[in-house]
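User: Please take a close look at the hollow parts of this model, beginning with the main one, and then set them against the packing and the backbone of the rest of the chain. I would like one connected account, with the terms made clear where the reasoning depends on them.

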Amino acid sequence: MSTTLSTTHAMESLAPAVPVFPPVKLPYPTIAPLHSSKRSKHILVASLASLLSVCFIVVIIFHGYVAWSLAYPYVAPLASNPQEAIGVAYEDVIFPSHSGQTTVSGWYVPAAPTSTDQRNVETVSKRTVVFSHGYGANREEHWVPMYDLTKLLHDLNYNVLLFDYGYASQQYKAPATGGREESQQLLAAIDYAKYKGAEDVIVWGFSMGAGTALQTALVTNEIDAMILDSLFIPSSEALFDNINQFVPLPRFPSLPLIESMIPLWSGGSFGSVPAEQVIANDFSIPTFIIHGTDDVKASHNTAEAIALNQGDSLSRSWIVQDGQHEMLFRKHPQEYVQRTALFLSQVEGQLNEQRITK
């Protein structure tokens, strides 16, 4: 007899139950698309380029401002006049520069008329001192001080002409050019002194005004003598060294940038100043150089080198120990007056002697 087993369940139902687990995400590394990496690099390069461009623009603007400041230095307005300051009469004067490109304004202080004989005839002085003020100052130049020297000369029977260089003028503003146009303005001042009757013209210069006097003496024979106090001969190097005393700057690229930008404001380069010719020249007129050993704006070595090249018998130098830039009158006022008055007296004697022998 055969026996047959039958079931209504599939055979799989007899297998043990297998638990079902949720799918597990394996930690496989993901790889960013190639174009995303390149885009990040482009953004980085663009950011760096933008930063460098901004820095470059800032550097250019800063050095442009420095160059502009050199061409247009701040100069305080006039605070007084010869009548109010020292009680002497004066005339306001205006005349064109020798080049005709700028206008010059100033004060003419005539010497007091003197009586010389029983007829009570008044004589007018034929000796004039033309003051040539320094950079960053005007015709008053208080720290020299200009009014005291004007009173001294007035009492010594000299006419005095004080004027503003273009960069110091309030009415006729013009850029500083390191002496190129300033020498033309000084030439015009000398011409004006001659127009007023001067036979003897002495230029008394301070700092860059003294350097301008030397430049002017290269091109004219109308200057009879010079007094040069703290003389400064402008050049890009000298101006840069002075700037560095206030704002430390690297010589490169600051100096080349400033040199290249100065012509934009002044119309010419300070490199056009004939510094070497000025230092080496024998001016063949009495020249009195006064300089301090502690002058940090202009080396006394340059002043001494110029003094050594002078051949006139009255030329001399006074190197003031511990003297500072344009503060020599204040350091030794009595000696300063004595030395300059003696020099002027000797110059007058020499000029009178030359007139007699002609």
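Analyst: A pocket here is an open set of grid points with protein on both sides within 12 Å along at least five of seven lines, and a residue belongs to its lining if it has an atom within 4 Å of one of those points. Rolling a probe the size of a water molecule over the atoms shows where empty space is left. The model is a predicted one, and what follows should be read with that in mind.

By this definition, the largest pocket has a volume of about 710 Å³. Its lining is made of 22 residues, and those closest to the centre are Leu70, Tyr135, Asn242, Phe246 and Lys297. Two elements, α1 (34-71) and α6 (236-244), each give two or more residues to this lining, and α1 gives the most, with 5 residues. In chemical character the lining of the largest pocket divides into 15 nonpolar, 5 polar and 2 charged residues.

The second largest pocket has a volume of about 240 Å³. Among its 17 lining residues, Phe232, Ile233, Ala238, Ala298 and Ser299 lie nearest the centre, and the elements that give two or more residues to its lining are α6, α8 (275-280) and α9 (300-308). Here the largest share comes from α6, with 3 residues, so that this helix, which also gives two or more residues to the largest pocket, takes part in lining both. The lining of the second largest pocket divides into 9 nonpolar, 6 polar and 2 charged residues.

The surroundings of these pockets belong to a protein with 11 helices and 10 strands. Of its 358 residues, 44% count as buried, and about 19600 Å² is exposed, with carbon and sulfur atoms supplying 59% of that area. Among contacts between residues at least 6 apart in sequence, 74% join residues at least 24 apart.

In soluble globular proteins, nonpolar side chains tend to be buried together. In this model the largest nonpolar core has 43 residues, of which Val130, Leu186, Leu214, Met226, Leu228 and Leu231 touch the most other members. Helix α4 (residues 182-195) supplies the largest share of this core, 6 residues. Leu228 shows how such a member is surrounded: beyond its neighbours within four places in sequence, Leu228 is in contact with Gly205, Ala210, Ala213, Leu214, Thr287, Phe288, Ile289 and Ile290. A second, separate core has 32 residues, including Ala225, Ile227, Leu314 and Val320.

Two residues can be related to members of that second core. Phe206, in strand β7 (residues 200-206), lies 21 residues from Ile227 in sequence and 8.5 Å from it in space, C-alpha to C-alpha. Because its relative accessible area is 0%, and the limit for burial is 20%, Phe206 counts as buried. Its contacts, leaving out residues up to four places away in sequence, are with Phe131, Ser132, His133, Gly134, Glu141, Val144, Met146, Leu149, Asp229, Glu326 and Tyr336. Gln350, in helix α11 (residues 333-357), touches Leu314 as well as Pro286, Asp312 and Ser313, again not counting residues up to four places away. With a relative accessible area of 18%, Gln350 is under the 20% limit and therefore also counts as buried.

The contacts of Phe206 lead on to the backbone. Most residues other than glycine have a negative phi, and most peptide bonds are trans. Val144, one of the residues touched by Phe206, is joined to Pro145 by a cis peptide bond with omega of about -5°, and Pro145 lies in the loop between β5 (127-132) and α3 (146-155). A further cis bond runs from Phe252 to Pro253, with omega near 10°, and Pro253 lies in helix α7 (residues 251-266).

Glu326, another contact of Phe206, has a positive phi of about 60° although it is not a glycine; Glu326 is placed in the loop between β10 (316-320) and α10 (328-331) and counts as buried at 5% relative accessibility. Ser207 has a phi near 55°, likewise a positive value in a residue other than glycine. Ser207 lies in the loop between β7 and α5 (208-217), and is buried, with a relative accessible area of 7%.

Key: Residues numbered from 1 in each chain as written. Predicted model: local features only at pLDDT ≥ 70, side-chain atom pairs only at ≥ 80, totals over all residues. Heavy atoms only, no water. 1 Å grid on protein atoms, 1.4 Å probe; cavity = no way out; pocket = protein on both sides within 12 Å on 5 of 7 lines; lining within 4 Å. Points joined across faces, edges and corners; volume = space filled by probe spheres on them. Helix = DSSP H or I, 4+ residues; strand = E, 2+ residues; numbered from the N terminus. Nonpolar A, V, L, I, M, F, W, Y, C, P; charged D, E, K, R; others polar. Core = buried A, V, L, I, M, F, W, Y, C linked by side-chain atoms within 4.5 Å. Buried < 20%, exposed > 50% of the residue type's maximum accessible area, 1.4 Å probe, protein only. Contact = heavy atoms within 4.5 Å. Areas by Shrake-Rupley, 256 points an atom, 1.4 Å probe, with all protein chains shown as cover.
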